[in-house]
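I opened my notebook for a fresh look at this one. Here is what I set out to look up, page by page.

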Amino acid sequence: MTSMNVCPKCGQVDQIQKLTAIVSAGTHRTVGTTATYGRTNVYNRDFEYTGNAYSSSSTQVNTVARTELTQKLSPPQRPNQPIKPSDDVGTIEIVIGLIISTLILCVIAFSIDSWLWMGVSCIAVPAVIGVLIGWLTLPKSQEREERYQLMMKEYLEILPQWEKMHKQWEQMYYCYRDDVVFIPGRETYAKPDDIEKLYIRA
């Protein structure tokens with residue numbers, strides 16, 4: 001019985017491998033900590049040797065290494081989902097404005113030694129300023145929300161296309177003999193650099 005997973009260029013099966021296996025084997029992630037130690041000679045002002053100073057440091061490592069072939073045969077990159085703007089941005093701006101205005105007005109009230117002015121300035125005036133800041137920041141919040149909705153609409157439009165391309169990628173094989181990528185059952189094939197030609201986007 002003839003295998004369906006034959007290379008359409010050479011008609012052989014002995015040098016083919018699925019792309020999912022190649023990418024998995026050719027991708028290496030390194031996670032850990034690297035330590036560095038050092039020693040320095042110490043001298044006094046008369047340039048006399050007084051001893052040694054020792055130092056050490058550590059660095060967190062999280063890297064991904066891929067072979068050249070793996071990079072060419074990697075799956076299509078998933079589109080980035082937009083991040084919804086925080087609803088607290090405008091609130092934070094109002095709170096910061098209230099705190100700053102309250103501090104400034106309280107300082108003024110203490111300097112003129114007026115309890116009436118202190119009460120008015122520390123309560124009523126910051127409230128008015130807070131409302132003003134909220135009114136000024138509202139258009140920015142609406143603009144951020146509109147921009148997010150537009151980006152989300154574009155994301156949802158291209159996501160199905162990526163999902164379809166990824167499913168096609170999962171079916172692809174690579175022939176080491178001819179250096180070509182193909183999908184079983186099709187007569188077409190492409191070099192790793194031209195793998196995009198194999199995707200059916202419609």
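My entries below go from the overall fold to the cores, the rings and the cysteines.

**Ground rules.** I am working with a predicted model, where local features need pLDDT of at least 70, side-chain atom pairs count only at pLDDT 80 or more, and totals for chains, interfaces and linings use all residues. I number residues from 1 along each chain as its sequence is written, and side-chain values use heavy atoms, with hydrogens and water left out.

**Fold.** I found four helices and six strands in the protein chain. For these I took DSSP runs numbered from the N terminus, with helices being H or I of at least four residues and strands E of at least two. Reading from the N terminus, I noted the order β-α-β-β-α-α-α-β-β-β.

I then looked at contacts, meaning heavy atoms within 4.5 Å. Among those in the protein chain with a separation of 6 or more, 64% join residues 24 or more positions apart.

**Surface.** The protein chain exposes about 14,600 Å², and 58% of that is supplied by carbon and sulfur atoms. The areas come from the Shrake-Rupley method with a 1.4 Å probe, and for residues only the protein chains shown count as cover. What share of the 202 residues counts as buried? I get 24%, with buried meaning under 20% relative accessible area, exposed over 50%, and partly exposed in between.

**Cores.** I looked for nonpolar cores, that is, sets of buried Ala, Val, Leu, Ile, Met, Phe, Trp, Tyr and Cys residues joined through side-chain atoms within 4.5 Å. The largest has 14 residues, and those with the most contacts inside it are Leu-19, Leu-73, Trp-169, Met-172, Val-181 and Ile-195. Helix H1 (19–25) and helix H4 (115–170) each supply at least two residues of this core. H1 gives the largest share, three residues.

I followed Leu-19 outward, leaving aside its neighbours within four places in sequence, and found contacts with Leu-73, Trp-169, Met-172, Tyr-173, Tyr-174, Val-181 and Ile-195. Apart from the largest core lies another, of six residues, among them Cys-7, Tyr-173, Val-180 and Phe-182.

I also paused at Ala-21, which sits in helix H1 and is partly exposed at 32% relative accessible area. Its C-alpha atom is 9.9 Å from that of Thr-70, 49 residues apart along the chain.

**Rings.** How many aromatic pairs does a search of the whole structure find? I count two, where rings of Phe, Tyr and Trp (its six-membered ring) pair if their centres lie within 6.5 Å, and planes under 30 degrees apart count as stacked, over 60 as edge-to-face and the rest as tilted. Tyr-173 and Phe-182 are stacked because their ring centres are 6.0 Å apart and their planes lie at 20°. Tyr-173 is buried at 15% relative accessibility, and Phe-182 is buried at 0%.

Tyr-174 and Tyr-176 form an edge-to-face pair, 4.9 Å centre to centre with 85° between the planes. Tyr-174 is buried at 5%, whereas Tyr-176 is partly exposed at 37%.

**Cysteines.** I looked for disulfides, meaning pairs of cysteine sulfur atoms within 2.5 Å, and the count is zero. Why is Cys-10 without a bond? Its sulfur is 3.7 Å from the closest cysteine sulfur, in Cys-7, which is too far. Cys-175 is in no disulfide either, and the nearest cysteine sulfur, that of Cys-7, is 3.7 Å away. I logged Cys-10 as partly exposed at 24% and Cys-175 as buried at 0%.

Terms used. Buried < 20%, exposed > 50% of the residue type's maximum accessible area, 1.4 Å probe, protein only.
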